Amino acid sequence: MLNQPYTGSTTKLVVAFDIGTTYSGISYCILERGQVPEVVGVTRFPGQAAVGGDAKVPSLLYYDQTGNVRAAGAEVLAENMLEAALTEGWTRAEWWKLHLRPKHLASSINSSDDLPPLPSGKSAVDILTDFIKYLFDCAKTYIQEHHLALTWSSIEDSIEYIFTHPNGWEGLQQQLYRRAVERAGLIPRTPEGRSRVHMLTEGEASLHFCVPNLLTAKTADQAPQGVVIIDAGGGTIDLSMFSMTCNPISCEEIAPAECRLQGSVFVTRRARALLERKLAGWEHSRPDEIAEFTREFDQSTKLVIKSDQEPAYLRVGGRRTNNSQYNISFGKLKLTGAEATGLFNDSVDAIIGAFEQQQKSATSTTPITTAFLVGGLSTNDWLWSRLQSYFKEKNINICRPDNHINKAVANGAVLSHVDSDNHMVASRVARATYGVVCALPVKANNEEHVRRKQKWERDPTGDCYVPGYFESKLSKGAQVGEEMEFRESFSLTETKPTDFGLQTVRLVCYRGSLSDPKWVDQDQSAFSPFCTIRADLSEATNDLILKKTAGRAYYQLDYDVIVLFGLTELQAYLGWKSKDGERRITATVTFD
């Protein structure tokens, strides 16, 4: 994949951050002229010994009572930090990433109260900002220590950053990430600085990591094959489905990306509920003790559960701790195989359900031949065996890449940016229906207009309009190329050229079951604001058309709002005709 020397004129650094619910990883690549690029992982963090190329760091922070960070990453788990936290009243921030989740994602989280609380006075973006600062410092230290010939000052103002996020995260979450990156000081708050930050779904990042496993002399000239990437991570389970052709490599997304809140932390949540039930009434069943047993499950027992026919054991005390009533012997609680494996069943069902949903909505008849399983939860042998059985029945090969699967996202993110020949995703599939809500001139013979007569409105000229019409611009499931443009035309009149200023257009999103929604009141709860597009038309002064009507002179500008939905981040422009052809200005997009 990366087999050609870098031809750029200056040395550059590309850094990818995979910020997970439970663990986070960093990968990077130094681009030096004449050298073949190599993707490298950061494998050493403060308070955590180097453990090889699959090293990740816990997504944890401690805050003191004044809101200052006192520890982050592996240092949070150190014994001296635990003691200091108890003594000084520090608050631990964990699973905080899930507070950023889109509210429309279905899960067992009914509200933020179902998650570990955020430290007092801190928002999820505040914590994300602090954690990005920490990860950046870790990356900088590691890179400087391992590349002595690299002068940091020569590359720090041109570093390219890639941040990955779950498939279900959308423009709002990307906006929050970008805000945190700026607040963390990684880039200046300028257009040039912001252009060095790139967002990528975890599914696409994993695709770049996994594809080399498919590339052989045998596959190079074969017909397109279907590939599904299953990223079973700490908080989310993400599925991405592609049709892939080789020689050259090109992938088309063929179904809306799926994201389910059933990652590793939800297995742990179910374990805690099980422990509370099984140990109720035992002398060591206080909430703080259950919390400690749950951590022991998360860090030890969960990793070795592999069969519903074999019991699992959880340490709940010393070797002299015995209680037959509670199935505790020599300090270990015995869980039946069914109890232990049952903790994973909802996550397995989520993967299967997401896959079957994608198959139903796929835009291509290309058969799925290969499934890749990556992410921290994929290392569990019970989950692996369940999925092996399921996919075997469908004649689909499933594999776990054997080279550090929990760094697939970070490594793949770097590959997506560095390897220009590997910019493989040519089109993506819309996850919802997007459009604008407007008012239509009333037509007395239109049944839909008459049905909404009580909602008619008059403008200052006396003309009647019926509001609430939804004009779809992109339907859910539609395949969108990266360069595909969607336009909405407008005409603006003003009495003076100086009156042409800021223009605003609001896009609305529909997530309901109607295949062709036309009116908001048909399924009102399924409509929601998506984003606001703003641009300043004062630059169009020289292209205005002077008109006269009934002795009144005015200026008119016909312009289009142009939206590109097919990229990893939504982009928008305003365009109009000038004597030299179409002129465009970049619009600002803010998400609601």
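Start by selecting Val563 and Ala572: Ala572, in strand E29 (571–578), is the bridge partner of Val563. Strands here are DSSP runs of E, at least two residues long, while helices are runs of H or I of at least four, both numbered from the N terminus. Before moving on, note that this is a predicted model, where local features need pLDDT of at least 70, side-chain atom pairs count only at pLDDT 80 or more, and totals for chains, interfaces and linings use all residues. Residue numbers run from 1 along each chain as its sequence is written, and side-chain values use heavy atoms, with hydrogens and water left out.

**Around E28**

Now show strand E28 (residues 552–564) together with E29. The two pair antiparallel over 6 bridges (pairing takes at least two DSSP bridges between the strands), and they form a hairpin with 6 residues between them.

Add strand E27 (residues 545–549), which runs antiparallel to E28 and is joined to it by 5 bridges. Look for Lys548 opposite Ala553 in E28. This hairpin has 2 residues between its strands, and Ala550 in the turn has a positive phi of about 50°.

Strand E24 (residues 486–494) also pairs with E28, antiparallel and over 9 bridges. Click on Thr493 and you'll find it opposite Gln556 in E28.

**The largest pocket**

Next, select Arg178, Arg194, Val197, Glu569 and Leu570, the residues nearest the centre of the largest pocket, out of 36 that line it. A pocket here is an open set of points on a 1 Å grid over the protein atoms alone, where a 1.4 Å probe fits, with protein on both sides within 12 Å along at least five of seven lines; lining residues have an atom within 4 Å of a point. The volume is about 1,300 Å³, taken as the space filled by probe spheres set on points joined across faces, edges and corners.

Which element gives the largest share of the lining? Colour H4, with 6 residues. Elements that each supply at least two include helix H4 (171–183), helix H6 (202–210), helix H11 (408–418) and our old friend E29. By class the lining has 14 nonpolar, 14 polar and 8 charged residues (nonpolar is Ala, Val, Leu, Ile, Met, Phe, Trp, Tyr, Cys and Pro; charged is Asp, Glu, Lys and Arg; polar is the others, Gly among them).

**Two helices side by side**

Switch to helix H9 (residues 337–361) and helix H10 (residues 381–393), which pack at an angle of about 35° with axes 10 Å apart. Axes are lines fitted to C-alpha atoms, for helices over the stretch in contact, and angles run from 0 to 180 degrees between N-to-C directions. Among the contact residues (heavy atoms within 4.5 Å) are Phe344, Ile351 and Phe355 of H9 and Trp382, Leu387 and Phe391 of H10. The contact counts 10 nonpolar, 2 polar and 3 charged residues.

**Two small sheets**

Go to the open sheet of 3 strands ordered E14-E16-E15, with antiparallel pairing. Strand E14 (312–315) and strand E15 (328–329) are the edges, each with a single partner strand, so one side of each has no neighbour in the sheet. Find Ile328 and its bridge partner Leu333 in E16. Helix H7 (residues 264–278) lies across E14 and E16, at about 105° to E16.

Last stop: another open sheet of 3 strands, E6-E5-E7, with antiparallel pairing. The twist averages 25° from one strand to the next. Tyr63 has Thr91 in E7 as its bridge partner. Helix H2 (residues 124–146) lies across E5, E6 and E7, running at about 120° to E5.
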